[in-house]
Structures are given as C-alpha cells and as structure tokens.
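User: Hey, got a minute to walk me through this one? I'd like the overall layout before the details.
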Amino acid sequence: MAQPATHEEVHVRAIMMADHQELERLLDAVIQAFEGGDREAVAAIWTRFDRQLLAHFAAEERHLIPTLLSSSPRAAAAILAEHRHLRARLVELGAGVDLHIVNLRMARAFIDELRAHAAHEDRTLYRWADEQAADSIRLPLIQAVDAPSTDSSAASNSST
Ligand SMILES: [Fe+2]
Ligand SMILES: [Fe+2]
C-alpha cells in the first residue's frame with residue numbers, strides 16, 4: 001500500500017535520483033522549446049534548470065561529500081571533479097542560451113554527461129549514504145533538495 005513517506009523513511013538514493021530525473025526533464029524541456037523556436041521559454045526553463053542543478057550540487061557538497069571525504073577521499077575527489085566540470089559546462093551552455101546560440105548537440109551532450117554523473121553518484125555516493133551515513137547527515141540533504149522551489153513560475157509563462 002502506498003503511504004506518505006516521512007523523511008525518516010525516504011532513502012537518499014531515491015530522493016537524489018528523482019532530482020536527477022527532474023533535472024533531465026527540465027533540460028529536455030529546454031531542448032524542446034529550442035526546437036520550437038520559443039526563445040522566451042528556452043530562457044525561462046534554462047534559468048530554472050540552472051538554479052536547480054546548482055542547488056543539487058551545493059546540497060551534495062555541503063551535506064554528503066565532507067563525510068565521504070574522510071572515509072573515501074578518492075571517491076569524494078572524483079565527484080568534486082565532475083561537479084567542477086559540469087559547472088563549467090553549465091556556464092558555457094548558459095552563455096549560449098543568453099546569446100540565443102545554444103547548440104542543440106551541446107545540450108544533448110550535457111544530458112548525457114549529467115546522466116553519467118548521476119549513475120556514478122548512484123554507485124558511489126548515494127548507496128554509501130544510505131548504508132553508512134547517519135540520519136544527521138542524510139536528513140538535511142534530503143530536506144535541501146526536497147524543498148519546493150520558491151520561484152518556479154518562470155517556465156510557465158509562455159505568452160507571446
Ligand atoms: Fe553531483
Ligand atoms: Fe547528484
């Protein structure tokens with residue numbers, strides 16, 4: 001039977017992979033708006049995607065990676081290196097969106113990179129968090145990514 005889960009019952013892995021899927025949906029929506037020639041929608045959805053991705057990285061770096069660093073420094077360093085790379089790619093793509101020259105191939109490649117990053121974290125960070133990390137570490141992370149966006153209206157405004 002489906003029951004509403006409390007934070008104590010929810011696993012890091014489920015929450016974080018759901019957030020990755022939501023990020024992928026947003027980026028897919030950017031691509032669709034781009035293909036449809038709707039520049040306003042591209043910019044609005046991109047802004048939302050950018051904000052949510054940076055919040056996701058920040059939550060991981062604040063709540064999970066410091067603890068992983070002490071038990072498995074190489075794994076933590078690998079994830080941090082991927083975050084650095086993905087942040088740089090986010091800036092590149094964001095500049096393309098601002099200039100209306102976002103490259104569809106680049107956007108699709110970014111989805112692939114994010115997907116690979118999520119799979120990597122699933123194998124290392126999230127399973128480790130559910131198996132090893134204390135509630136005092138897991139719960140603030142879950143709350144950080146689970147909090148509803150305070151300004152999600154941007155993507156819904158597509159008036160011409
Ligand atoms: Fe990450
Ligand atoms: Fe992640």
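Analyst: Sure. One caveat up front: this is a predicted model. In the protein chain, residues 24 or more positions apart make up 76% of the contacts with a separation of 6 or more.

User: OK, and what's the secondary structure of the protein chain?
Analyst: Six helices and zero strands. Along the sequence the pattern reads α-α-α-α-α-α.

User: How much of the protein chain counts as buried?
Analyst: 26% of its 160 residues.

User: Let's do helix packing. At what angle do helix 1 and helix 5 pack?
Analyst: About 175 degrees, with the axes 9 Å apart. Helix 1 covers residues 12-35 and helix 5 covers residues 104-132. Angles over 145 degrees count as roughly antiparallel, so that's what helix 1 is relative to helix 5.

User: What kinds of residues make up the contact of helix 1 with helix 5?
Analyst: By class, there are 16 nonpolar residues, one polar and eight charged.

User: Stay on helix 1. How far does it reach, end to end?
Analyst: From first C-alpha to last, helix 1 reaches 35 Å over its 24 residues. That's close to the 34 Å expected at 1.5 Å a residue.

User: Which residues of helix 1 are buried?
Analyst: Val 12, Ile 15, Met 16, Asp 19, His 20, Leu 27, Val 30, Ala 33 and Phe 34. Their cover includes helix 2, helix 5 and helix 6.

User: And what happens just after helix 1?
Analyst: Gly 37 sits there with a positive phi of about 75 degrees.

User: Pick one out of that buried set for me. What about Met 16, why does it count as buried?
Analyst: Met 16 has 24 other C-beta atoms within 10 Å, and the cut-off for buried is 20 or more, so Met 16 qualifies. Leaving out residues up to four places away in sequence, Met 16 touches Glu 121, Tyr 126 and Val 145.

User: How far is Met 16 from Asp 122?
Analyst: In space, 8.6 Å between C-alpha atoms; in sequence, they're 106 residues apart.

User: Switching to helix 6. Why does its length make sense?
Analyst: Helix 6 has twelve residues (135-146), so at 1.5 Å a residue a span of 16 Å is expected. The C-alpha atoms at its ends are 15 Å apart, which agrees.

User: Which of the helix 6 residues are buried?
Analyst: Arg 138, Leu 141, Ile 142 and Val 145. Looking down the axis of helix 6, the buried residues fall within an arc of 100 degrees, so they line one face of the helix.

User: Which residues are exposed on the other side of helix 6?
Analyst: Asp 135 and Ser 136.

User: And what covers the buried residues of helix 6?
Analyst: Helix 1, helix 2 (39-63) and helix 5 are among the elements that do.

User: Arg 138 caught my eye in that list. How many other C-beta atoms lie within 10 Å of it?
Analyst: There are 22, so Arg 138 is buried, given that the cut-off is 20 or more.

User: What does Arg 138 touch?
Analyst: Val 12, Ala 129 and Ala 133, again not counting residues up to four places away in sequence.

User: Last one: where is Arg 138 relative to Leu 64?
Analyst: Their C-alpha atoms are separated by 7.5 Å, while along the chain the two residues are 74 apart.

Key. Residues numbered from 1 in each chain as written. Chains lettered and ligands numbered in written order. Predicted model: local features only at pLDDT ≥ 70, side-chain atom pairs only at ≥ 80, totals over all residues. Axes fitted to C-alpha atoms, helices over the stretch in contact; angles between N-to-C directions. Helix = DSSP H or I, 4+ residues; strand = E, 2+ residues; numbered from the N terminus. Parallel < 35°, antiparallel > 145°, perpendicular 65-115°, else oblique. Nonpolar A, V, L, I, M, F, W, Y, C, P; charged D, E, K, R; others polar. Expected span 1.5 Å × (residues − 1). Buried ≥ 20, exposed ≤ 12 C-beta atoms within 10 Å, placed from the backbone. Arc of directions from axis to C-beta. Contact = placed C-beta atoms within 7 Å.
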